[in-house]
Amino acid sequence: MSQRDEKNNHYLLNNWKPENPQFWENKGKGIARRNLWISVACLLLAFCVWMLFSAVTVNLNKVGFNFTTDQLFLLTALPSLSGAILRVPYSFMVPIFGGRYWTVLSTVILIIPCVWLGFAIQNVATPYWVFITIALLCGFAGANFASSMGNISFFFPKAKQGSALGINGGLGNLGVSVMQLVAPLVVFLPIFAFLGVHGVTQEDGSTMWLTNAAWIWAPLLLLATIAAWFGMNDIASSKASIADQLPVLGRMHTWILALLYLATFGSFIGFSAGFAMLAKTQFPDVNILKLAFFGPFLGALARSFGGVISDKLGGVRVTLINFICMAIFSALIFLTLPGGGSPGNFTTFYLVFMGLFLTAGLGSGSTFQMIAVIFRRITIERVKAKGGSDEQAQQEAVTDTAAALGFISAIGAVGGFFIPKAFGTSLAMTGSPVGAMKIFLVFYIVCVVVTWFVYGRRKEKYHE
């Protein structure tokens, strides 16, 4: 891999200096933007695959399967569990293999769970364990976020990283909304009938081709792979071994920021996975599939905005205010749910949840900006304290920041498993999601306190 790139300067960038203003304006900016937009396309499709089960599970029983509510919630949660675990090794892959090669490989393999799921849906005798296996394979799509964000951080100067990471993560996250918007539409069209895909007649007389929800992404993934192969670059200075990256795991800030990111991105991806099933259990008369896409759409756009305003106002300030808002919205949810003789209010429930999606997305962008700023600063200070040069400090800062972004993103993805599983468990035990929401509310309050105590009081050190 590296030998071939060394012979082809079109793909390998040997002298990458984004912090140099003249280099950035004359050459770097164009290359960085091209890599960013291809990365966005690949990551958006990865999120479509990662959250595929959130749209498929609500329809499985409609095409002949007979799974329980708890089983369906588990299927929506499992891709986030495997994705979170896989993000740990994925976070180290770009400095080892290079961003271009890893983007190509990690994108093309996502065709496998899409194709397999399509076949599994067509056979109502398919056992539950097969769906569990496919759900876990969809987690590879979620792992792409760690390597993608780490890769993009190498291309941009410090002053632009919040915006670049916000765009990559935010528009990538948009894949959740795109999937939840596209899937309910394509399942009623005979797109793959020429391949022998059979539809299932529904109670209203319509025909559902649920396989389409999985197969529609395969050709798009192939196109994105080709674009990454011919349009992306590797950066020679980004090369580092796992041993070079592991020390970041021993730093206190890694774990504190992972906690904050779990509360923001973990909430975004967890609510994205579980919202449709939750709304269906609480308000069964509402066709939630026509509305479920809007929450992830808001959150994804808010993430991009969160990175931009954090570059201007400071990530710590934005994150702190955001956690306060998340706690308020979580408390308001209790007033909208059915219970105690009240039928609940779907409109209010939906609007409050949109507020949670919005703030979860915004906080995802602001916490990632904090990671980039804080790790760059502490690494540069550490290297210079040991007598290292400015160049050494900058290079180690870039490597440490990329490793931290990847690992912390792995912790954040755990929320995608915990939230829908907590909803499923709470409903199974009490018949209500209130128990789960109480846990989330307390967690957001804890994050308000941690953000203020660790970072908010030290404005001169952590605000940038």
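## Tour: an internal cavity, then a surface patch

Start with three helices: α2 (21–50), α6 and α8 (128–155) each supply at least two residues to the lining of the largest cavity. Keep in mind that this is a predicted model.

**Stop 1: the cavity lining.** Select Ser39, Cys42, Leu43, Val94, Trp102 and Thr103. Add Ser106, Thr107, Asn144, Ser147, Ser148 and Asn151. Together these residues line the largest cavity. Now color the selection by class. Eight lining residues are polar and four are nonpolar. Charged residues are absent from the lining.

**Stop 2: the space itself.** Show the void enclosed by that selection. The largest cavity holds about 100 Å³ of space. How many cavities of 30 Å³ or more does a search of the whole structure find? The search returns three.

**Stop 3: the nonpolar patch.** Stay with α6 for a moment. This helix spans 99–108, and α6 and α11 (218–231) each supply at least two residues of a nonpolar patch. Select Leu105, Val108, Leu220, Leu222, Leu223, Ile226 and Phe230 and turn on the surface. The patch lies on the surface, and its residues have about 620 Å² of accessible area together. Which helix gives the most to the nonpolar patch? The answer is α11, with five residues.

**Stop 4: one patch residue.** Zoom in on Ile226, in helix α11. Is Ile226 exposed or only partly exposed? Its relative accessibility is 41%. Exposed would need over 50%, and buried under 20%. Ile226 therefore counts as partly exposed.

**Last view.** Display both selections at once. Helix α6 contributes to the cavity lining and to the nonpolar patch.

Technical notes: Residues are numbered from 1 along each chain as its sequence is written. This is a predicted model: local features need pLDDT of at least 70, side-chain atom pairs count only at pLDDT 80 or more; totals for chains, interfaces and linings use all residues. Side-chain values use heavy atoms; hydrogens and water are left out. Patches are made of residues with over 30% relative accessible area and no salt bridge: like charges are joined within 9 Å, nonpolar side chains (Val, Leu, Ile, Met, Phe, Trp, Tyr) within 5 Å. Accessible areas come from the Shrake-Rupley method with a 1.4 Å probe; for residues, only the protein chains shown count as cover. A salt bridge is a side-chain nitrogen of Lys or Arg within 4 Å of a carboxyl oxygen of Asp or Glu. Helices (H or I, at least four residues) and strands (E, at least two) are DSSP runs, numbered from the N terminus. Buried means under 20% relative accessible area, exposed over 50%, partly exposed in between (1.4 Å probe, protein chains only). On a 1 Å grid over the protein atoms alone, a cavity is a set of points where a 1.4 Å probe fits but cannot get out, and a pocket is an open set with protein on both sides within 12 Å along at least five of seven lines; lining residues have an atom within 4 Å of a point. Grid points are joined across faces, edges and corners, and a volume is the space filled by probe spheres set on the points. Ala, Val, Leu, Ile, Met, Phe, Trp, Tyr, Cys and Pro count as nonpolar, Asp, Glu, Lys and Arg as charged, and the others, Gly among them, as polar.
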